[in-house]
Amino acid sequence: MPELALISPDLRGRADSFEVIGTSDIARHVEDMVAVLDELGHDSVHVCGMSMGGFVGVALAVLHPDRVRTLTLVDGGFPMPIPPGLTADNAPTALADRYARLEREWDSVEAYRDLFVGTTAPLLDGDDPVLLDYLRHDLRDIKVRLSAQIVTEDAVEVFFGKEYWRDLNQHSLAVPTRMLVAEWAPLLVEYERVPGDS
């Protein structure tokens with residue numbers, strides 16, 4: 001079995017990157033990822049992005065195709081239709097369940113888990129130790145490390161910003177790409193292949 005190294009950086013505004021200052025957009029996340037690769041001395045890597053990470057992965061493959069060997073998207077990254085009634089101005093309201101956890105102080109990771117499973121991810125197993133490790137990573141000093149400003153900026157760009165699937169040549173995603181959708185996740189769009197897309 002070949003030796004593997006797993007690099008899992010937190011996007012700005014989240015967990016260990018919570019205190020990274022400045023505004024956020026997908027292109028900024030991409031440059032952050034390029035800086036991580038440069039710092040670690042990796043010319044190109046296999047990229048797997050889940051949810052928001054999928055959108056960053058697509059943009060990384062479009063803007064820096066030489067840095068991406070393959071791309072795997074898990075429940076994210078593909079073009080999404082705008083949910084009925086959502087606008088750039090009311091995005092904070094649409095994300096209210098995520099913001100509700102930011103103001104609270106949490107006595108334990110289990111208490112945080114109960115809200116997270118009860119609102120954001122109801123089909124996850126609350127007793128899964130991997131989930132508890134993930135949620136523990138979000139917490140520091142009994143508060144959730146998540147920037148409401150950056151989450152809002154990212155959501156607005158996902159729905160109303162640039163679509164990185166296509167560049168001026170109309171077929172920019174030139175790396176081998178896999179798309180995975182969880183059975184319980186709502187499939188919001190059917191991706192139509194464009195000649196030249198991978």
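## Buried residues, strands and cores in a predicted model

At 3% relative accessibility, A15 counts as buried, because buried means under 20%. The structure described here is a predicted model. A15 belongs to the segment before helix 1. Its backbone is also notable: A15 has a positive phi of about 45° although it is not a glycine. A positive phi occurs in D75 too, a residue other than glycine, with a value near 50°. D75 is found in the loop between strand 2 and helix 3 (91-94). The table sets out these two residues.

| Residue | Phi | Place |
|---|---|---|
| A15 | about 45° | segment before helix 1 |
| D75 | near 50° | loop between strand 2 and helix 3 |

**The strands**

Strand 1 and strand 2 are parallel and are paired over six bridges. Within this pairing, V47 stands opposite L71 of strand 2. Together with helix 2, strand 1 and strand 2 form a right-handed β-α-β unit. Strand 2 also runs parallel to strand 5 (residues 177-180), to which four bridges join it. Here V74 has L180 of strand 5 as its bridge partner. Strand 2 is largely enclosed by the rest of the structure, because six of its seven residues are buried.

**The nonpolar cores**

The largest nonpolar core has 28 residues, and those with the most contacts inside it are I26, V30, M52, V58, V68, L71 and L173. Two or more residues each come from helix 1 (26-40), strand 1 (45-50), helix 2 (52-63), strand 2 (68-74) and helix 7 (148-160). Helix 2 gives the most, with eight residues. What does V58 touch, leaving aside residues up to four places away in sequence? The contacts of V58 are with L71, L73, G77, Y164, W165 and L173. Another core, of 17 residues, lies apart from the largest one, and among its members are V117, L131, L132 and V144.

**Helix 5**

Helix 5 (residues 109-120) has 12 residues, which at 1.5 Å a residue should span 16 Å; its end C-alpha atoms are 15 Å apart, which agrees. Which residues of helix 5 are buried? They are V109, Y112, R113, F116 and V117. These residues lie on the same side of helix 5, because they cover an arc of only 125° around the axis. In general, an α-helix has 3.6 residues a turn, so residues three or four places apart point the same way. The buried residues of helix 5 are covered by elements including helix 6 (129-138), strand 3 (139-140) and strand 4 (143-144).

How values were computed
Residues are numbered from 1 along each chain as its sequence is written. This is a predicted model: local features need pLDDT of at least 70, side-chain atom pairs count only at pLDDT 80 or more; totals for chains, interfaces and linings use all residues. Side-chain values use heavy atoms; hydrogens and water are left out. A nonpolar core is a set of buried Ala, Val, Leu, Ile, Met, Phe, Trp, Tyr and Cys residues joined through side-chain atoms within 4.5 Å. Buried means under 20% relative accessible area, exposed over 50%, partly exposed in between (1.4 Å probe, protein chains only). Contact means heavy atoms within 4.5 Å. The expected span of a helix is 1.5 Å times one less than its number of residues. The arc is that of the directions from the helix axis to the C-beta atoms. Two strands pair if DSSP finds at least two bridges between them. A crossover is right-handed if, with the strands pointing away from the viewer, the path from the first strand over the helix to the second runs clockwise.
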